[in-house]
Amino acid sequence: MSEFKTKCLIIGSGPAGYTAAIYASRANLEPLLVEGYQPGGQLTTTTEVENFPGYVEGVTGPKLMEDLRDQALRYGAKIIGGEISEIDLSSRPFKARIDNNTHYVEADTVIISTGAAARFLGLPDEERFKGLGVSACATCDGFFYRNRVVAVVGGGDTACEEAMYLANLAKKVYMIVRKDYLRASKVMQKRVLENPKIEVLFNAVTKSLTGDDSGLTGAVVTVGYGDNADTVQIDVDGFFLAIGHKPNTGFLGGQVELDEGGYIVTKAGSSATSVEGVFAAGDVADPVYQQAVVAAGAGCRAALDAERFLMKQG
Ligand code: NDP
């Protein structure tokens with residue numbers, strides 16, 4: 001077991017975590033960042049990011065995260081793999097164990113930037129077909145659906161992005177949208193609606209999935225409302241969920257105040273949580289914006305807050 005002492009433990013390696021690490025390193029907090037099992041977080045599963053300031057031609061999600069990580073390392077942040085298996089925030093220094101005792105950390109402050117994970121519908125056979133047709137990541141799994149038929153559930157930017165990505169590979173893409181409109185930005189809506197390979201089913205709700213031991217073969221979907229509702233079976237080989245995310249806060253075991261959606265509650269105008277010395281940044285504390293650039297800004301705020309907190313403590 002290796003042991004660490006740090007002025008600032010940063011948990012999570014999305015734009016919030018890496019930006020917090022850049023700022024905390026430059027402020028001589030000698031931060032330790034625990035990057036989890038998916039270094040770089042959600043953006044490593046996206047394709048092109050066109051709206052992160054500074055990248056005129058856009059940048060791929062993995063490249064953006066690599067750049068942020070390199071920048072954090074350049075200023076001396078220590079980065080280790082693994083996940084928090086136990087954390088004690090009841091007194092300072094805070095104590096954390098990583099990967100069941102592979103590492104033990106004592107930290108004067110903690111920045112939680114663990115992001116959020118994809119939501120699933122909770123259909124009876126969803127779990128059974130995970131990896132056999134059901135996925136929440138088109139860029140990870142889309143390759144398997146070359147020239148096949150797939151469905152994407154959701155009407156937000158993620159769903160549109162996934163549908164566009166899959167349309168480049170698959171023969172046909174259904175979008176299953178529960179309302180009569182897409183929530184995505186206008187530019188994404190336009191791209192989807194003009195793509196001949198994508199058929200959008202509005203007012204559509206998935207009732208069940210069908211398949212056998214070799215994998216998914218279809219979905220049963222009701223389309224329309226009330227007397228006008230039709231139940232249809234669509235034959236699909238892939239079923240991609242893009243219905244939003246839930247914050248990764250389970251490991252905190254209720255030690256930090258959460259809102260009803262499970263997001264960390266921060267004090268107005270600050271990244272401070274309900275525990276003194278513990279700060280939160282990024283999607284884990286942001287039910288509203290959920291953008292890479294906002295998360296990066298939040299990471300900066302959290303590092304500044306941690307630095308000021310330590311200064312006050314003397
Ligand atoms: P959103 O919350 O924006 O959209 C979720 C979608 O899933 C909505 O259409 C919602 O329907 C639908 N949905 C939710 N629950 C269910 C359910 N149980 N059954 C069926 N449908 C459901 O999430 P996103 O992940 O798309 O986006 C999150 C944030 O990230 C947004 O702010 C978005 O703008 C941003 N983003 C930006 C991108 C970019 O700019 N390149 C790319 C991807 C995301 P309903 O509308 O009915 O609630």
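Student: Before anything else, what does buried mean here?
Tutor: Buried means under 20% relative accessible area, and exposed means over 50%. The model is predicted.

Student: Then on which side does F52 fall, buried or exposed?
Tutor: F52 has a relative accessible area of 14%, so it counts as buried.

Student: Where is F52 found?
Tutor: In the loop between β3 (48-49) and β4 (59-60).

Student: And how far is F52 from A292, in sequence and in space?
Tutor: F52 and A292 are 240 residues apart in sequence, while their C-alpha atoms are 7.1 Å apart in space.

Student: Switching to strands. Why is β8 described as largely enclosed?
Tutor: Strand β8 covers residues 103-112, and 9 of its 10 residues are buried, so the rest of the structure largely encloses it.

Student: How do β1 and β8 run, parallel or antiparallel?
Tutor: Strand β1 (residues 2-11) runs parallel to β8, and 9 bridges join them. In that pairing S2 stands opposite H103.

Student: What about β7 and β8?
Tutor: Strand β7 (residues 94-98) is antiparallel to β8, with 5 bridges between them. A96 in β7 stands opposite V105 in β8. The two strands form a hairpin with 4 residues between them, and D99 in the turn has a positive phi of about 45°.

Student: How many bridges are there between β8 and β19?
Tutor: β8 and β19 pair over 3 bridges, in the parallel sense. I112 of β8 stands opposite A280 of β19.

Student: What holds strands of a sheet together in general?
Tutor: Strands of a sheet pair through backbone hydrogen bonds, either parallel or antiparallel.

Student: Back to β19. Which ring pairs with F279?
Tutor: The ring of F309. The centres are 6.1 Å apart and the planes are at 70°, so the pair is edge-to-face. F279 lies in strand β19 (residues 278-280) and F309 in helix α6 (residues 292-313), so to speak of sequence, they are 30 residues apart and the pair links distant parts of the chain.

Student: Are those two buried or exposed?
Tutor: F279 and F309 are both buried.

Student: How many aromatic pairs does the count come to?
Tutor: The count comes to 4 aromatic pairs. One of them is F143 with F144, whose ring centres are 6.1 Å apart with planes at 75°, so that pair is edge-to-face.

Student: And F143 and F144, buried or exposed?
Tutor: F143 is exposed at 52% relative accessibility. F144 is exposed too, with a relative accessible area of 53%.

Student: Which charged end sits over the ring of Y75?
Tutor: That of R26, 4.7 Å from the ring centre. The charged end of K172 likewise sits over the ring of Y174, 4.8 Å from its centre.

Student: New topic: how much space lies in the second largest pocket?
Tutor: About 270 Å³. The lining has 18 residues, and T266, A285, D286, A298 and R301 lie nearest the centre of the pocket.

Student: Which element gives the most to that lining?
Tutor: Helix α6, with 4 residues.

Student: Last one. What is the strand order in the open sheet of 3 strands?
Tutor: The order is β14-β15-β16, with antiparallel pairing. The edge strands β14 (204-212) and β16 (230-235) each pair on one side only. Neighbouring strands of this sheet are turned by 25° against each other on average, direction ignored. β14 pairs with β15 (residues 215-223) over 8 bridges, and S208 stands opposite V220 in β15.

Definitions and conventions. Residues numbered from 1 in each chain as written. Predicted model: local features only at pLDDT ≥ 70, side-chain atom pairs only at ≥ 80, totals over all residues. Heavy atoms only, no water. Pairing = 2+ DSSP bridges. Axes fitted to C-alpha atoms, helices over the stretch in contact; angles between N-to-C directions. Phe/Tyr/Trp six-rings, centres within 6.5 Å; stacked < 30°, edge-to-face > 60°. Buried < 20%, exposed > 50% of the residue type's maximum accessible area, 1.4 Å probe, protein only. Lys NZ or Arg CZ within 6 Å of the ring centre and 35° of its normal. 1 Å grid on protein atoms, 1.4 Å probe; cavity = no way out; pocket = protein on both sides within 12 Å on 5 of 7 lines; lining within 4 Å. Points joined across faces, edges and corners; volume = space filled by probe spheres on them.
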